[in-house]
Amino acid sequence: MKRLLAPLLAAFAAAVAPAAPLTLVKSSSVVADSVSTANPKALPGATVDYALMVTNPVANGIAPVGSIAITETIPATVKLRIADYGASGSGPVEFGDGSLLGTGLLATGLAYRFTSLASASDGLEFSDGSSWAYVPVADAAGCDAHVRAIRVTMTGTHAAGTSFRLRYRVQVN
């Protein structure tokens, strides 16, 4: 009897196994400063892009990962650029699906939606350090120094072995 149940129990255990952790790699690059266009540095007033690459390991093929929320702390030494990162209406965070050259191959299965800075129903929330209900207000540079964290929520199920990238921009104080 044990011999007959062992494969069934192993299959059940695999089906309910917890998902392996996602891999997150964060990088930054200085886009511009007021001193050098050839080799910009993170001087006060400089613009810096942050990128988060999130990968779902192949091992999660049997344990789907869904409803991903990434919370990113914004240091006090910078202010978040809340103007559109890309095209008009795109919002301050860019979601780059892992799709291979726009073909749809290797797409993550996730979706991110931005409606407005004040929306409570899209995939982007802002915190001033005391509440996630904070609504950013742009200064003359299109930034808000009061934003201390952002939370980006994607819907769908993150396919195993795929990646997505989140990018946002800050200005050094």
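In the predicted model, Leu110 stands opposite Gly156 in strand 11, and the bridge partner of Ala111 in that strand is Thr155. These residues belong to the region where strand 7 is joined to strand 11 (residues 155-158) by two bridges, the two strands running antiparallel. Strand 11 is also joined by two bridges to strand 3, again in an antiparallel arrangement, with Gly66 standing opposite Thr157. The outcome is an open sheet of three strands in the order 3-11-7, with antiparallel pairing. Strand 3 (65-66) and strand 7 (110-111) stand at the edges of this sheet and have a single partner strand each, so one side of each is left without a neighbour in the sheet.

With regard to the chain as a whole, the secondary structure comes to one helix and twelve strands, which follow one another along the sequence in the pattern α-β-β-β-β-β-β-β-β-β-β-β-β. Of the 173 residues in the chain, 34% are buried. Among contacts with a separation of 6 or more, 69% are accounted for by residues 24 or more positions apart. The chain exposes about 9600 Å², of which carbon and sulfur atoms supply 63%.

A further antiparallel pairing involves strand 4 (residues 69-73) and strand 10 (residues 149-153), which are joined by five bridges; within this pairing, Thr71 stands opposite Arg151. In a regular strand the side chains alternate between the two faces of the sheet. Strand 4 shows such an alternation, in that Ile70 and Glu72 point to one face and are buried, while Ala69, Thr71 and Thr73 point to the other and are not. Ser67, in the loop between strand 3 and strand 4, has a positive phi of about 50° although it is not a glycine. Most residues other than glycine have a negative phi. Ser67 counts as exposed because its relative accessibility is 60%.

The largest nonpolar core contains 29 residues, of which Leu80, Ile150, Met154, Phe164 and Leu166 touch the most other members. At least two residues of this core are supplied by each of strand 2 (47-55), strand 5 (78-81), strand 6, strand 8, strand 10 and strand 12 (163-172), and the largest share, five residues, comes from strand 12. In soluble globular proteins, nonpolar side chains tend to be buried together. When neighbours within four places in sequence are left aside, Leu80 is in contact with Ile74, Phe126, Gly142, Cys143, Asp144, Val147, Ile150, Tyr168, Arg169 and Val170.

Six salt bridges are counted in the model. In one of them, Glu72 is paired with Lys26, the closest N and O atoms being 2.3 Å apart; Glu72 lies in strand 4 and Lys26 in strand 1 (residues 23-32), so the pair ties together parts that are 46 residues apart in sequence. Glu72 counts as buried because its relative accessible area is 9%, whereas Lys26, with a relative accessible area of 42%, is partly exposed.

Glu94, Arg165 and Arg167 are linked in a network of salt bridges. The side chains of Glu94 and Arg165 meet at 3.4 Å, N to O, and this pair links distant parts of the chain, with Glu94 in strand 6 and Arg165 in strand 12, 71 residues apart. The side chains of Arg167 and Glu94 meet at 2.6 Å, N to O, and here the two residues, Arg167 in strand 12 and Glu94 in strand 6, are 73 residues apart. The members of the network are partly exposed, with relative accessibilities of 25% for Glu94, 30% for Arg165 and 23% for Arg167.

Nonpolar residues are also found at the surface, where Leu100, Leu105 and Leu106 form a patch with about 300 Å² of accessible area together. Leu105 lies in the loop between strand 6 (93-97) and strand 7 and is exposed, with a relative accessible area of 54%. The loop between strand 7 and strand 8 (124-127) contains Ala118, which counts as exposed at 55% relative accessibility. Ala118 and Tyr134 are 16 residues apart in sequence, and their C-alpha atoms are 8.2 Å apart in space.

How values were computed:
Residues numbered from 1 in each chain as written. Predicted model: local features only at pLDDT ≥ 70, side-chain atom pairs only at ≥ 80, totals over all residues. Heavy atoms only, no water. Pairing = 2+ DSSP bridges. Helix = DSSP H or I, 4+ residues; strand = E, 2+ residues; numbered from the N terminus. Patch = residues over 30% accessible without salt bridge, like charges linked within 9 Å, V, L, I, M, F, W, Y side chains within 5 Å. Areas by Shrake-Rupley, 256 points an atom, 1.4 Å probe, with all protein chains shown as cover. Salt bridge = Lys/Arg side-chain N within 4 Å of Asp/Glu carboxyl O. Buried < 20%, exposed > 50% of the residue type's maximum accessible area, 1.4 Å probe, protein only. Contact = heavy atoms within 4.5 Å. Core = buried A, V, L, I, M, F, W, Y, C linked by side-chain atoms within 4.5 Å.
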